[in-house]
Amino acid sequence: DTEGLLRIKEENQKHYRRAQRHQEKKEKIQRHNRKLGDLVEKKTYDLKTQYEQLANLRRKHILELTSVIFPMEEVKTSMRDPADVSSESDNAMTSSTVSKLAEARRTTYLSGRWVCDDHNGDTSISITGPWIILPNNGDYSAYYNWVEEKKTTQGPDMEHNNPAHTISAALCYATQLVNTLSLILDVNLPKKLCNRQVNEFCGENLSRHRFTRAVKKLNANILHLCFSQHVNLDLLHPLHTLRNLMYLVSPDTENLGR
């Protein structure tokens, strides 16, 4: 029994010494982990700082781009609300008639269906100049009508102020701006827009199908950029091409450049 007790004591001492070595290794690993944690925290802070600097640089480039090369602004027309004019001309008009007129004014027949739009064409968005504008409600029927007239009309087109010209030019500039923004923001666009699509708007008369498809691709890319920069979703509308771009590049967009 005494010999067995001695053997057990010796084994316990070996275990104790081994436990001490393990404890030392544990403490060493913990110190190493703390050092790594501090290093990771520092690197994370440095990375966050770099991201902020990169975002500020991107924001600066975008604001320069949209103020010098692609300025956009809202162009208001002098149209008055028919409800206001009618109510002034007919004092006996009921409030229900006035409200119905106001509701009708906010409704647009677009691509085979009625679309509710508070602006309803009383404002337009210009790009690169006040003479190159797009209808705010996304109604590009002037372009379709112009293409149909060109098919039946012979001779040179002398209507330099034709709305179809401004629509195609505005869409061409918008496409160039979207491509440039995707490069600055390093965001891959879901719909590929190469130089051929840019020239497509200005270089030839597109059929209704090709024109609608090109506009849909452009609008999808603009919405994708807006989503990537966390633009307020309540401000966006799938048909408002330039207005969505204005919200994207606005200095009030907090996350622009992320």
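In which sense, right-handed or left-handed, does H1 pass H5? The legends below take up this crossing and other close-up views of a predicted model.

**View 1. Packing of helix H1 on helix H5 in the predicted model.** H1 passes H5 in a right-handed crossing. Helix H1, which spans residues 2-69, packs with H5 at an angle of about 165°, and their axes are 10 Å apart. With that angle lying over 145 degrees, H1 is therefore roughly antiparallel to H5. On the H1 side the contact is made by Arg58, His61, Ile62, Leu65 and Thr66, while H5 contributes Leu177, Thr180, Leu181, Ile184 and Leu185. Sorted by class, this contact of H1 with H5 has six nonpolar, three polar and one charged residues.

**View 2. Packing of helix H5 with helix H7.** Here the two helices pack at an angle of about 35°, with their axes 10 Å apart, and the crossing of H5 and H7 is left-handed. From H5, the residues Ile167, Leu171, Ala174, Thr175, Val178, Leu181, Ser182 and Leu185 meet Phe211, Val215, Leu218, Asn221, Ile222 and Leu225 of H7. By class, the contact of H5 with H7 has 11 nonpolar and three polar residues, and no charged residues.

**View 3. The open sheet of three strands, with helix H5 packed on it.** The strands are arranged in the order S1-S4-S5, and their pairing is antiparallel. Strand S1 (72-76) and strand S5 (133-135) stand at the edges and have a single partner strand each, so that one side of each is left without a neighbour in the sheet. Neighbouring strands are turned by 30° against each other on average, when direction is ignored. The antiparallel pairing of S1 with strand S4, which covers residues 123-127, extends over five bridges, and valine 75 stands opposite serine 124 in S4. Helix H5 (residues 163-185) packs on the sheet and touches S1, S4 and S5, its direction making about 100° with that of S5.

**View 4. Surroundings of serine 126 in strand S4.** Serine 126 is buried, its relative accessible area being 1%. When neighbours within four places in sequence are left aside, serine 126 is in contact with Pro71, Met72, Glu73 and Val75, and also with Ile132, Ile133 and Leu242.

**View 5. Helix H8 and its buried residues.** H8 is mostly covered, since seven of its nine residues are buried. The buried residues are Thr241, Leu242, Arg243, Asn244, Leu245, Leu248 and Val249, and they pack against H1, S1, S4, S5, H5 and H7. One of these buried residues, Leu242, is also among the contacts of serine 126 shown in the previous view.

**View 6. Proline 238 in the loop between helix H7 and helix H8.** This loop joins the segment ascribed to H7 (208-228) with that ascribed to H8 (241-249), and proline 238 lies within it. Although proline 238 and asparagine 219 are 19 residues apart along the chain, their C-alpha atoms are separated by 6.6 Å. Not counting residues up to four places away in sequence, proline 238 touches Asn219 and Leu223.

Methods. Residues numbered from 1 in each chain as written. Predicted model: local features only at pLDDT ≥ 70, side-chain atom pairs only at ≥ 80, totals over all residues. Heavy atoms only, no water. Pairing = 2+ DSSP bridges. Helix = DSSP H or I, 4+ residues; strand = E, 2+ residues; numbered from the N terminus. Axes fitted to C-alpha atoms, helices over the stretch in contact; angles between N-to-C directions. Contact = heavy atoms within 4.5 Å. Buried < 20%, exposed > 50% of the residue type's maximum accessible area, 1.4 Å probe, protein only. Parallel < 35°, antiparallel > 145°, perpendicular 65-115°, else oblique. Left-handed = near helix turned anticlockwise from the far one by under 90°. Nonpolar A, V, L, I, M, F, W, Y, C, P; charged D, E, K, R; others polar.
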